[in-house]
Amino acid sequence: MVDRTDCSVSIDGRDITSALLPRLINLSVTDKAGSSSDTVSIELDDRDGEIMFPPTGAKIEVRLGGAPVFRGVVDEVRSSGSRNAGMVMTITGKGVDTKGKAKAPRQRHWDDKDLKSVMQEAAKDAGIDDVQVDDSLGQIKRAYWAMQGESFIAFGERLARENGGTFKVSQGKAILAKRNGGKSASGKDLPTVRAARGDNLLSWEITPDMGRPRWKETKARWYDPKTATWRQVEIDIPDDDAEADFSARYPASDGGEAKAGAESRKDTAEREKGGGSISINGSAEPQPEALVTLSGARPGVDGTYRIESVAHEFSRGSGWVTRLEVKQPQGEAGKDGRSTTDAGR
């Protein structure tokens, strides 16, 4: 049974829930790891065109069950209609204002700085004062960093890919967290979510062991000017079924960059081993990068997975459903330990 909890929406601090709910067709909020911003979409029955257009850039907040699930700004408002289907207004919002300085391309470089300092200074240029960087990522130091005609958002996404992190701007805050770390950027453990058949589990569709290319080792080269030789970083990937190695196409600028790149590819390989989706009763608890434990589905599927994205869907008819896109199977996921005799009973 889905949760038919309360939903509330405010724009520029004014609660519009009572006017919105009678016309609500569907409300969806998406929070995805590695995506630069959370998003919200609100579909409304716009019969007779009586709904006023909210201004783009207006602050919008959505709460489900009393908990905030989205804070951001109105990005665009779209009207659609036809003679037979009626009229619909769709309000979309993002966690970052796409008209702000965070989207402006910039040219800048830093010498002998750690990643945390670089992110703080780049964020300040983009009008963002609140920056949270994972401690292990923040300590990474390079002789040279550069923004090459990139916006702050594009710069943060690139640094996250290169160094094994996930980046986003949300609620006026820039966040660079460790990929597969299970922690927030502030270092706090993210709560593990439970999805149990017969309790809060609504449905699942999971491939716990995918046959796509997998690697047993990742390698990266760099040139050491002190010894005038090419050197190589090699990092093992724990995957008993993999046989191939992955070698970076282009050399890194130094040993630190080579190691960070190799570790980032290791994290990606572990994450892409399997995945799927899990739907549960509406809950504000799940967060990207946290773990979810699935139980009661079946042997080989039950186990622990990494949450890639969280999508909240709410409508008057269906109530509140939370859908989790999951990857990185762990524990018993992908392992059916039953004997042939047991499985056939």
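Ala 258 is buried, with a relative accessible area of 1%. In this predicted model, Ala 258 belongs to helix α5, which covers residues 255–271. Leaving aside residues up to four places away in sequence, Ala 258 touches Ala 220, Arg 221, Trp 222, Val 233 and Ala 252. Ala 258 and Ser 28 stand 40 Å apart in space, C-alpha to C-alpha, with a sequence separation of 230 residues.

Helix α5 also holds Ser 264. The relative accessibility of Ser 264 is 4%, and the residue therefore counts as buried, the limit being under 20%. Beyond the residues up to four places away in sequence, Ser 264 touches Arg 161, Glu 162, Asn 163, Gly 164 and Arg 179.

A further buried serine is Ser 309, with a relative accessible area of 9%. Ser 309 is part of strand β20, residues 303–315. Its contacts, again without residues up to four places away in sequence, are Asp 31, Lys 32, Arg 323, Leu 324 and Glu 325.

**Overall architecture**

The protein contains 6 helices and 21 strands. Its C-alpha trace spans about 75 × 65 × 40 Å along the principal axes. The domain assignment gives four entries: domain 1 (7–94), domain 2 (101–178), domain 3 (192–208 + 274–335) and domain 4 (217–273). Domain 3 is thus listed in two segments, 192–208 and 274–335. Between the C-alpha centres of domain 1 and domain 4 the distance is 44 Å.

Of the 345 residues in the protein, 45% are buried. Among contacts between residues at least 6 apart in sequence, 65% join residues at least 24 apart. The exposed area of the protein is about 17800 Å², and carbon and sulfur atoms supply 45% of this area. The protein carries 52 positive and 55 negative charges, and the mean positions of the two sets are 1 Å apart.

**Nonpolar cores**

In soluble globular proteins, nonpolar side chains tend to be buried together. The largest nonpolar core in this model has 25 residues, of which Leu 115, Met 119, Phe 152, Phe 167, Val 169 and Leu 176 touch the most other members. Two or more residues of this core come from each of the following elements: α2 (115–125), β9 (130–133), β10 (141–150), α4 (152–163), β11 (165–170) and β12 (173–178). A second core, separate from the largest one, comprises 24 residues, including Ile 16, Leu 24, Leu 64 and Phe 70.

**Loop residues and backbone angles**

Two residues other than glycine have a positive phi angle in the lines of the backbone described here: Asp 48, at about 70 degrees, and Ala 228, near 55 degrees. Asp 48 is found in the loop between β4 (39–45) and β5 (59–64). Asp 48 is exposed, with a relative accessible area of 63%. Ala 228 lies in the loop that connects β15 (215–224) and β16 (229–236).Two glycines also occupy loops. Gly 334 is situated between β21 (319–330) and α6 (340–343). With a relative accessible area of 35%, Gly 334 is partly exposed. Gly 334 touches Pro 208 and Gly 300, not counting residues up to four places away in sequence. From Gly 334 to Ala 262 the C-alpha separation is 26 Å, and the two residues are 72 apart in sequence.

Gly 65 is placed in the loop between β5 and β6 (67–82). Its relative accessibility is 46%, and Gly 65 counts as partly exposed. Gly 65 and Ala 284 are 219 residues apart in sequence, while their C-alpha atoms are 8.0 Å apart in space.

The relative accessible areas of the residues discussed are collected below.

| Residue | Relative accessible area | Class |
|---|---|---|
| Ala 258 | 1% | buried |
| Ser 264 | 4% | buried |
| Ser 309 | 9% | buried |
| Gly 334 | 35% | partly exposed |
| Gly 65 | 46% | partly exposed |
| Asp 48 | 63% | exposed |

Definitions and conventions. Residues numbered from 1 in each chain as written. Predicted model: local features only at pLDDT ≥ 70, side-chain atom pairs only at ≥ 80, totals over all residues. Heavy atoms only, no water. Helix = DSSP H or I, 4+ residues; strand = E, 2+ residues; numbered from the N terminus. Buried < 20%, exposed > 50% of the residue type's maximum accessible area, 1.4 Å probe, protein only. Contact = heavy atoms within 4.5 Å. Areas by Shrake-Rupley, 256 points an atom, 1.4 Å probe, with all protein chains shown as cover. Lys, Arg positive; Asp, Glu negative; His and termini not counted. Charge placed at Lys NZ, Arg CZ, Asp CG, Glu CD. Domains from an automatic or database assignment. Core = buried A, V, L, I, M, F, W, Y, C linked by side-chain atoms within 4.5 Å.
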